[in-house]
Amino acid sequence: MPDDIRYGLNRHVSLPGPLPLDGGGRLSPVEIGYETYGTLNADKSNAILICHALTGDQHVASIHPSTGKPGWWTRMIGPGLPVDPARHFIVCANVLGSCMGSSGPAAIDPACLMAYGMRFPVITIRDMVRAQALLLDHLGVERLHAVVGGSMGGMQALSWPATFPDRVDAVLAIASTARHSAQNIAFHEVGRQAIMADPKWRGGDYYADADPPSAGLAVARMAAHITYLSEAGLTEKFGRKLQGRDAKTFGFDADFQVESYLRHQGISFTDRFDANSYLYITRAMDYFDLAEEHNGHLANAFKPSHARFCLISFDTDWLYPTAESRAIVHALNAAGAPVSFVELKSPFGHDAFLLEAPEMNRIADGFLRAGENR
Amino acid sequence: MSLRPDLAIIAGHVAQGSRVLDVGCGDGALMAALRDGKGVDARGLEIDPDNVSRAVARGLSVIQGNADTDLADYPDGSFDYAILSQTLQTTMRPDLILDQLLRIGRHAFVSFPNFAHWRVRLSLLWGGRMPVTRLLPVAWYETLNIHHVTIDDFRALLKTRGITVEGAWFLNGDRETSAAAANFRAEHAVFLLRR
């Protein structure tokens with residue numbers, strides 16, 4: 001297996017598909033950027049799929065090629081951690097619609113040999129999951145020991161047993177939801193309008209002259225970033241402190257530290273992310289309603305599955321608050337599924353799942369090991 | 001690891017391979033014993049997040065929640081046994097909890113400290129103060145026990161609700177004691193109930 005070019009860091013595969021999409025139409029070929037860690041064991045029972053969030057990517061525990069930063073979930077995945085390459089075969093793939101090697105608006109449309117732009121089909125969370133399943137077929141993984149994700153990654157994790165009931169044994173969804181609320185959609189719409197209002201967006205056809213709508217994308221990121229933090233967290237970190245000055249300037253410079261911070265978050269985001277991908281992925285999240293896909297009853301989504309479930313929420317997360325996780329727990333109980341749930345305390349809001357959280361790790365570790373000792 | 005005496009009685013009378021909901025499961029000690037010793041499919045509900053973490057870390061399926069509000073989420077007859085150990089007296093409406101237990105489970109185990117035990121009676125009679133005893137170790141203002149109950153009170157409630165007693169066990173410390181004058185002599189009671 002070490003010599004198998006399918007496995008390792010910075011992998012890319014072009015699968016013929018075609019992949020039928022929820023919105024109609026078929027995608028072919030299906031390009032997927034991905035990474036694997038660890039070794040698939042002889043009975044192929046140790047595979048864990050990690051699903052990333054809106055702006056995440058496949059570099060879950062490796063150095064990011066464009067930012068040079070460590071992987072985005074090195075607190076969960078690594079030696080001695082709950083998801084451990086010494087025990088697990090770990091797969092993380094860039095989602096459909098994204099811009100890190102998987103098919104998306106920035107990829108080349110084979111029909112016209114130009115970037116798709118807005119001709120890329122609108123995709124759903126379930127389409128992302130189906131693309132992941134194609135990748136697992138390619139990797140020789142029939143069944144997942146677990147699927148793990150936070151935020152949008154949690155949506156994929158929840159969609160897995162509903163879409164492929166016989167292919168997943170355990171689902172760990174953190175700081176997530178089974179549907180996007182009106183408030184969630186509203187914030188995303190602000191971001192999309194910011195991108196589309198940027199004159200450089202040009203209907204999405206900005207790839208040829210490499211002059212993307214960075215200002216619009218930066219504003220989208222700034223608005224979204226606020227939803228990832230808690231009010232208390234912002235107050236503690238910034239309060240009303242001024243940025244590198246002793247007094248207000250009576251102008252519109254970034255007087256406040258929080259302004260400076262958000263501007264930096266917005267600008268640095270544009271170096272690594274494609275504006276059209278942001279439109280497509282936020283759309284997929286807004287369309288996500290797992291109950292709607294199953295005759296309006298969330299419990300129906302889970303009934304065919306025999307998976308174990310674990311849900312974790314954070315008390316200061318107002319993007320996907322605890323009530324959303326509780327609604328999922330309710331449905332899982334109604335479906336008779338084995339489910340664990342805990343609301344953890346954290347001052348950090350939605351982002352807590354990416355930060356140091358020993359309690360989260362302890363729960364994840366116990367939950368994953370419970371399926372390994374049988 | 002040895003179980004608390006009331007839990008040991010419950011564990012001894014749960015049928016092999018049954019489905020169990022442990023309401024107020026703590027850190028999952030009973031659930032783990034039932035899973036490991038009797039192949040039981042055990043699920044838990046627990047209010048304290050640290051306890052939930054400990055239970056989930058043992059590989060158990062436990063939900064953080066409140067018996068007073070969250071039992072309504074469970075479908076009718078979804079378990080063979082619903083277990084409520086040393087939790088009844090901490091709930092807002094013990095009578096409604098009993099109804100829920102027997103709606104969710106075909107049988108219910110309920111254990112509670114007996115407020116009519118002679119030590120408690122003496123403490124109140126002679127001291128004139130709310131009793132602080134081995135089983136009720138916390139002062140009145142900080143105790144979680146908001147609905148103190150005696151064995152006779154409990155039997156009376158069962159009668160008015162038409163609930164059948166399938167078994168009853170009484171404890172003094174670690175030892176079982178006879179049913180005779182249990183309301184006076186037992187510190188602790190365990191009931192097995194059905195509709």
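What follows walks through chain B, a helix pair in chain A, and the contact between the two chains, all in a predicted model.

Chain B first. Eight helices and eight strands make up its secondary structure. Its radius of gyration comes out at 16 Å, close to the 16 Å that the globule rule gives for 195 residues, so chain B is as compact as a globular protein of that length. Laid along its principal axes, the C-alpha trace of chain B spans about 50 × 35 × 30 Å. Of the 195 residues in this chain, 46% count as buried. As for how the chain is wired together, take the contacts in chain B between residues at least 6 apart in sequence: 62% of those join residues at least 24 apart.

Helix 2 of chain B, residues 29–38, gives a good look at the buried part of this chain. Its buried residues are B:Ala29, B:Leu30, B:Met31, B:Ala32, B:Ala33 and B:Leu34. The cover over these buried residues includes both helices and strands of chain B: helix 1 (5–13) and helix 3, along with strand 1 (19–23), strand 2 (41–46) and strand 4 (79–85). Just after helix 2 of chain B comes B:Gly39, with a positive phi near 60°.

Helix 3 of chain B turns up again where the chains meet. There, 16 residues of chain B are in contact with 22 residues of chain A. On the chain B side, the elements giving two or more residues are helix 3 (49–57) and strand 3 (61–64). Helix 3 of chain B gives the most, with five residues. By type, the chain B residues that touch chain A split into eight nonpolar, five polar and three charged.

Over in chain A, helix 3 (residues 182–197) and helix 7 (residues 275–287) pair up. Their axes come within 10 Å and cross at roughly 160°. An angle over 145 degrees counts as roughly antiparallel, and helix 3 and helix 7 of chain A are therefore roughly antiparallel to each other. The crossing of helix 3 of chain A past helix 7 of chain A is left-handed. From helix 3 of chain A, the contact draws on A:Ile185, A:His188, A:Gly191, A:Arg192 and A:Ile195. Helix 7 of chain A answers with A:Ala275, A:Tyr278, A:Leu279, A:Thr282, A:Met285 and A:Asp286. Sorted by type, the residues of this helix 3–helix 7 contact in chain A come to six nonpolar, three polar and two charged.

Terms used:
Residues numbered from 1 in each chain as written. Chains lettered and ligands numbered in written order. Predicted model: local features only at pLDDT ≥ 70, side-chain atom pairs only at ≥ 80, totals over all residues. Contact = placed C-beta atoms within 7 Å. Helix = DSSP H or I, 4+ residues; strand = E, 2+ residues; numbered from the N terminus. Nonpolar A, V, L, I, M, F, W, Y, C, P; charged D, E, K, R; others polar. Rg over C-alpha atoms; globule rule 2.2 N^0.38 Å. Buried ≥ 20, exposed ≤ 12 C-beta atoms within 10 Å, placed from the backbone. Axes fitted to C-alpha atoms, helices over the stretch in contact; angles between N-to-C directions. Parallel < 35°, antiparallel > 145°, perpendicular 65-115°, else oblique. Left-handed = near helix turned anticlockwise from the far one by under 90°.
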